[in-house]
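Colleague: I should like to learn how to read a structural model in an orderly way. May we begin with the question of what is meant by an exposed residue?

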Amino acid sequence: MSQSYDVIVVGAGVVGSSTAYNLVQHGAGKVLLLEQFSSLHTRGSSHGGSRITRRAYNKPFYVHMMDEAYRMWDQIEREGKTKLYTNTGILVFGPRTSPDLKKTIASLHINEVEHEVLTAEEAMLRYPHQLDLPFDHKCVFERDGGTLLATKAVSVIQRLFTEGGGELLDGHRVKEIAPGPIVRVTTNNGDFTTRRLVVTAGPWAPTIMAQLGVKLPFKFSIRRAEVFYWRVEHPELYSADTFPSVILYDDTHHPFYAMPICEYPGLVKICPYATVCVDPDSRDEQISPRVEDIQPYVAKYFKGVSTTPSIYEACIITKTPDEHPIIDRHPGHSNIVFGAGFSGHGFKLSPVMGKLLCELAMDLPPSHDLTPFRLDRFNKHSSKL
Ligand SMILES: Cc1cc2nc3c(=O)[nH]c(=O)nc-3n(C[C@H](O)[C@H](O)[C@H](O)COP(=O)(O)OP(=O)(O)OC[C@H]3O[C@@H](n4cnc5c(N)ncnc54)[C@H](O)[C@@H]3O)c2cc1C
């Protein structure tokens, strides 16, 4: 006989884990979180040492969501008795003409987020031994920006979920979902039933949603993200106390980001945003890392950094065409909700995204406007199959 639940969440990445944590906090009843691989695996999007967190977004709605995300991260740290956030500050820079940089500065200004606009010269005075910026570049520094410990955060959120009474089953791959007032979920390890279902399957979302008759937008892309760590001559110049998190905007859109030394002693993280499209089930097959995409930037902008990476790791970024996630209800089954396509913002915003998915699943009024995240914004290309 199958076990029955009030809510089942499919996918225990950072978004599914945050959703499950919010559900137990909101008294959703018996909640089950299902994960296909072993817990804290490295096959999806949420693993690794660190992620950037910032308010420096060119969309005002993210700035508002980040206010709440910072409060929620603080609560997760306190409840979980684990430090996850380090305030490094974040320096966003690019050519003076960069539209993304202009919009970011405007958004910080309109939303009264503390920031400083710096010329390239001023930024280099601040980081004389680390940065080499062309004089036609401009920067904005956001003091509150920083880093979050990624795998550690997922583990703390999952612990708070299970301590709150939730059940996490890893090694359970969902193979079939039969919708209805009671949803039947079939896995490789047994069947379950539930009154409400949340799908947070990351790069596997198109497969699961297609089974449920929902087509995600044309150009919903699943890309291998390459993470490189580079040896520095003087580690003390690239520590969280001496070097900020960094994002470069240029005309090719987010060519790279950098973070102070965190996970590996003496190695700074400098990475391109995302590269080639992949099938998540064969992410690492027959593909060699594209170091040449990032090497010129490392040599051009950073001082005292080796131009050959010491460590390479792979991850997956799942992008929608407008790079905003989809948070919505199944068009034909109101007790099924889903979140997908969290692009490069999913980690820092995950507590809020989890809260929104929890509210949607429990038919509660949403804490933020969901209009920018609806599936039907892509209405030309997304539809019921
Ligand atoms: C290299 C890299 C750098 C990034 N940098 C930042 C950053 O600086 N700041 C930021 O905010 N964000 C960043 N992101 C983005 C952020 O990490 C992602 O948006 C976020 O982790 C997405 O989480 P998710 O839960 O949607 O997906 P995932 O973590 O992939 O979780 C989905 C889970 O669902 C499970 N699953 C799928 N199908 C099934 C099934 N059939 N049955 C059971 N389980 C299933 C998968 O195994 C997986 O564990 C970065 C991402 C990468 C890869």
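Modeller: A residue is called buried when its relative accessible area is under 20%, exposed when that area is over 50%, and partly exposed in between. Please bear in mind throughout that this is a predicted model.

Colleague: Is Pro-265 buried or exposed?

Modeller: Pro-265 has a relative accessibility of 72%, and therefore counts as exposed. This residue belongs to the loop that joins strand 15 (256-259) to strand 16 (267-271). Its C-alpha atom is separated by 8.9 Å from that of Arg-231, and the two residues are 34 apart along the chain.

Colleague: What is the relative accessibility of Glu-79, and where is this residue found?

Modeller: Glu-79 is part of helix 2 (residues 60-80). Its relative accessibility is 34%, so Glu-79 counts as partly exposed. From C-alpha to C-alpha, Glu-79 and Ser-343 are 28 Å apart in space, and their positions lie 264 residues apart in sequence.

Colleague: Let us turn to backbone angles. Which value does phi take in Leu-40?

Modeller: Phi of Leu-40 is positive, near 65 degrees, and Leu-40 is a residue other than glycine. Leu-40 is placed in the loop between strand 2 (31-34) and strand 3. With a relative accessible area of 37%, Leu-40 is partly exposed. Glu-112 is not a glycine either, and has a positive phi of about 55 degrees. The loop that holds Glu-112 runs between helix 3 (99-110) and strand 6 (116-119). Glu-112 counts as exposed, because its relative accessibility is 72%.

Colleague: How does one describe the chain as a whole, and how many helices and strands does the protein chain have?

Modeller: One may start from the secondary structure, which here comes to eight helices and 19 strands. The radius of gyration of the protein chain is 21 Å, close to the 21 Å that the globule rule gives for 385 residues, so the chain is as compact as a globular protein of that length. Along the principal axes, the C-alpha atoms fill a box of roughly 65 × 45 × 45 Å. As for accessibility, 57% of the 385 residues count as buried.

Colleague: Now the ligand. Which residues come nearest to the ligand?

Modeller: A residue belongs to the surroundings when one of its heavy atoms lies within 4 Å of the ligand. There are 38 such residues, and Glu-35, His-41, Ser-46, Ile-52 and Cys-315 come nearest. By class, the shell has 20 nonpolar, 14 polar and four charged residues. Among the elements that each supply at least two residues of this shell are helix 1 (14-25), strand 13 (221-232) and helix 8 (346-361).

Colleague: Why is the ligand said to lie between domain 1 and domain 2?

Modeller: The ligand lies between them because domain 1 (3-46 + 151-216 + 322-378) and domain 2 (90-143 + 221-319) both give residues to its shell.

Colleague: Which polar backbone atoms lie at short range, for example that of Gly-344?

Modeller: For a polar contact, the two N or O atoms must be within 3.5 Å of each other. A nitrogen atom of the ligand is 2.9 Å from a polar backbone atom of Gly-344. An oxygen atom of the ligand lies 3.4 Å from a polar backbone atom of Val-14, and a backbone N or O atom of Gly-346 is 3.3 Å from an oxygen atom of the ligand. Taken alone, the ligand exposes 1,000 Å², of which the protein buries 97%.

Notes:
Residues are numbered from 1 along each chain as its sequence is written. This is a predicted model: local features need pLDDT of at least 70, side-chain atom pairs count only at pLDDT 80 or more; totals for chains, interfaces and linings use all residues. Side-chain values use heavy atoms; hydrogens and water are left out. A polar contact is a pair of N or O atoms within 3.5 Å; within protein, one must be able to donate a hydrogen and the other to accept it, and residues adjacent in sequence count only if both atoms are side-chain atoms. Accessible areas come from the Shrake-Rupley method with a 1.4 Å probe; for residues, only the protein chains shown count as cover. Helices (H or I, at least four residues) and strands (E, at least two) are DSSP runs, numbered from the N terminus. Ala, Val, Leu, Ile, Met, Phe, Trp, Tyr, Cys and Pro count as nonpolar, Asp, Glu, Lys and Arg as charged, and the others, Gly among them, as polar. Domain bounds come from an automatic or database domain assignment. The radius of gyration is taken over C-alpha atoms; the globule rule is 2.2 Å times the number of residues to the power 0.38. Buried means under 20% relative accessible area, exposed over 50%, partly exposed in between (1.4 Å probe, protein chains only).
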